[in-house]
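Walk me through this model, from its charged pairs to its nonpolar interior. Keep it brisk.

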Amino acid sequence: MERRLGHVSTASATGEPLDRIFVHDYVLEVEIGVHHNERGVTQRVRFSVDIDIKSDPTALEDDIDRTLDYDYVINGIKAIISRGHINLVETLAEDVAQHCISHPRAERVEVMIEKLDKDPGSVGVQIVRSKQEA
């Protein structure tokens with residue numbers, strides 16, 4: 001499996017520096033799929049999320065409440081899948097992206113979701129959303 005590294009100091013559309021936080025290779029059991037045999041069962045799904053955020057380390061004052069932290073992403077994913085069965089991986093990816101981009105510091109998000117129990121290997125979707133599109 002190829003390991004991705006979070007990118008640091010990307011640039012916004014205005015040229016302002018952005019930093020990136022990420023949650024990679026987060027695997028949960030999810031009720032997902034359109035096929036009859038996918039209903040009422042869970043499948044392993046891997047989430048990888050990269051979020052470009054406004055860079056302002058002085059405003060953080062070393063206080064976790066002033067940042068977009070990993071728990072915000074993880075708890076958002078858990079809340080989305082707790083709502084029940086999801087038909088499409090694309091719907092799940094969009095919901096995760098919208099949750100992440102709604103954070104005040106978020107500018108851009110990349111979401112990759114893979115169903116791990118399909119033959120052969122994994123299948124999934126990767127989407128990119130930015131604040132301007134939200």
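Glutamate 110 counts as buried in this predicted model, because its relative accessibility is 13%, under the 20% cut-off. Its salt-bridge partner is arginine 108, with the closest N and O atoms 2.8 Å apart. Arginine 108 is partly exposed, at a relative accessible area of 29%. Salt bridges that share partners join Arg20, Asp50, Asp52, Arg108 and Glu110 into one network.

Now take arginine 20. Its relative accessibility is 12%, so arginine 20 counts as buried. Arginine 20 forms a salt bridge with aspartate 50, where the closest N and O atoms are 3.7 Å apart. Arginine 20 sits in strand E2 and aspartate 50 in strand E3, 30 residues apart, so this pair links distant parts of the chain. Another salt bridge joins the side chains of arginine 20 and aspartate 52, at 2.7 Å from N to O. Aspartate 52 also lies in strand E3, so the pair ties together parts that are 32 residues apart in sequence. Both acidic partners are buried: aspartate 50 at 2% relative accessibility, aspartate 52 at 3%. Side chains of opposite charge can pair when their charged atoms come close. The count for the model comes to 11 salt bridges.

Strand E4 holds another charged residue, lysine 115. Lysine 115 counts as buried because its relative accessibility is 8%. Its side chain makes a polar contact of 2.8 Å with the side chain of glutamate 38. Beyond its sequence neighbours within four places, lysine 115 is in contact with residues including Ile32, Gln43, Val89 and Val123.

Next, the nonpolar interior. The largest nonpolar core has 31 residues, and Phe47, Val49, Ile51, Val73, Leu92, Val96 and Val111 touch the most other members. Strands E2, E3, E4 and E5 and helices H2 and H3 each give two or more residues to this core. H3 gives the most, with seven. Leaving aside neighbours within four places, phenylalanine 47 contacts, among others, Tyr26, Leu28, Ile77, Leu92 and Val96. In soluble globular proteins, nonpolar side chains tend to be buried together.

How is H3 placed to do this? Val89, Leu92, Ala93, Val96, Ala97, Cys100 and Ile101 are its buried residues. They cover an arc of only 155 degrees around the axis, which means they are on the same side of H3. What covers them includes E2, E3, H2, E4 and E5. The helix length checks out too: at 1.5 Å a residue, its 13 residues should span 18 Å, and its end C-alpha atoms are 18 Å apart.

Definitions and conventions:
Residues are numbered from 1 along each chain as its sequence is written. This is a predicted model: local features need pLDDT of at least 70, side-chain atom pairs count only at pLDDT 80 or more; totals for chains, interfaces and linings use all residues. Side-chain values use heavy atoms; hydrogens and water are left out. A nonpolar core is a set of buried Ala, Val, Leu, Ile, Met, Phe, Trp, Tyr and Cys residues joined through side-chain atoms within 4.5 Å. Buried means under 20% relative accessible area, exposed over 50%, partly exposed in between (1.4 Å probe, protein chains only). Helices (H or I, at least four residues) and strands (E, at least two) are DSSP runs, numbered from the N terminus. Contact means heavy atoms within 4.5 Å. A polar contact is a pair of N or O atoms within 3.5 Å; within protein, one must be able to donate a hydrogen and the other to accept it, and residues adjacent in sequence count only if both atoms are side-chain atoms. The expected span of a helix is 1.5 Å times one less than its number of residues. The arc is that of the directions from the helix axis to the C-beta atoms. A salt bridge is a side-chain nitrogen of Lys or Arg within 4 Å of a carboxyl oxygen of Asp or Glu.
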